Amino acid sequence: MEDKNLIMARRVAERVEQAGGKVYYVGGLVRDWLLNRESKDVDIEVHGITPESLQSILKELGSPILMGASFGVYGLAHFDLDISMPRKRQHSGGKADFENCVEPFLGTREAARRRDLT
């Protein structure tokens, strides 16, 4: 039987693609698939649509949870699913002042650079 979180991830992907975007599996799920292990970690990254469009899609599918507006990370109530948007670090003032900002049209190569691939 397929995991409810993977089923919902696929539903999110279908709706995002209908809106002109693209969804990628990322994080621990990919690592565990590569190591042929079962994973409880379901993370997806949404590219090519605005945060507002993603929020609208999530409202259609359930009760969205905003885990961090500046980080562009969402969830859905009753699902163990992290839904993120690409982001980049942006200099915001002084010497060490950096902030993360959502950049939905960043591109997969650039978005992957910020990921922890261990």
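Here are some questions and answers about this predicted model.

User: Which pattern of helices and strands does the chain follow along the sequence?

Analyst: Let's start with the parts. The chain has four helices and seven strands. Reading along the sequence, the pattern is α-β-α-β-α-β-β-β-β-β-α.

User: What is the order of the strands in the open sheet of five strands?

Analyst: We can build the order from the pairings. Strand 1 (residues 22–26) pairs with strand 2 in the antiparallel sense over five bridges, and strand 2 is joined to strand 5 (residues 82–84) by three bridges, with those two strands running parallel. Strand 3 and strand 4 (residues 73–76) pair in the antiparallel sense over four bridges. The open sheet has mixed pairing, and its order is 1-2-5-4-3.

User: Which are the edge strands?

Analyst: Take the order 1-2-5-4-3 as the guide. An edge strand here pairs on one side only, and that holds for strand 1 and strand 3 (64–68).

User: Which residue in strand 5 is the bridge partner of Ile 44?

Analyst: Ile 44 points from strand 2 the same way as Val 46, while Asp 43, Glu 45 and His 47 point the other way. On the strand 1 side, Val 23 stands opposite Val 46. Towards strand 5, the bridge partner of Ile 44 is Ile 83.

User: How many residues of strand 2 are buried?

Analyst: For the chain as a whole, 36% of the 118 residues count as buried. Strand 2 (residues 43–47) is mostly covered. Its buried residues are Asp 43, Glu 45 and His 47 pointing one way, and Ile 44 and Val 46 pointing the other. The number of buried residues in strand 2 is five of five.

User: Why does Glu 45 count as buried?

Analyst: Glu 45 lies in strand 2. Buried means under 20% relative accessible area. Glu 45 counts as buried because its relative accessibility is 4%.

User: Which side chain makes a polar contact with the side chain of Glu 45?

Analyst: Glu 45 and His 47 point one way from strand 2, along with Asp 43. The polar contact of the Glu 45 side chain has a distance of 2.9 Å, and its partner is the side chain of His 47.

User: What angle does the direction of helix 3 make with that of strand 4?

Analyst: Let's look at helix 1 (residues 4–18) before helix 3. Helix 1 lies across strand 1, strand 2, strand 4 and strand 5, running at about 150° to strand 1. Helix 3 (residues 51–61) packs on the sheet, touching strand 2, strand 3, strand 4 and strand 5, and its direction makes an angle with that of strand 4 of about 10°.

Methods. Residues numbered from 1 in each chain as written. Predicted model: local features only at pLDDT ≥ 70, side-chain atom pairs only at ≥ 80, totals over all residues. Heavy atoms only, no water. Buried < 20%, exposed > 50% of the residue type's maximum accessible area, 1.4 Å probe, protein only. Pairing = 2+ DSSP bridges. Polar contact = N/O pair within 3.5 Å; in protein donor to acceptor, adjacent residues only side chain to side chain. Contact = heavy atoms within 4.5 Å. Axes fitted to C-alpha atoms, helices over the stretch in contact; angles between N-to-C directions.
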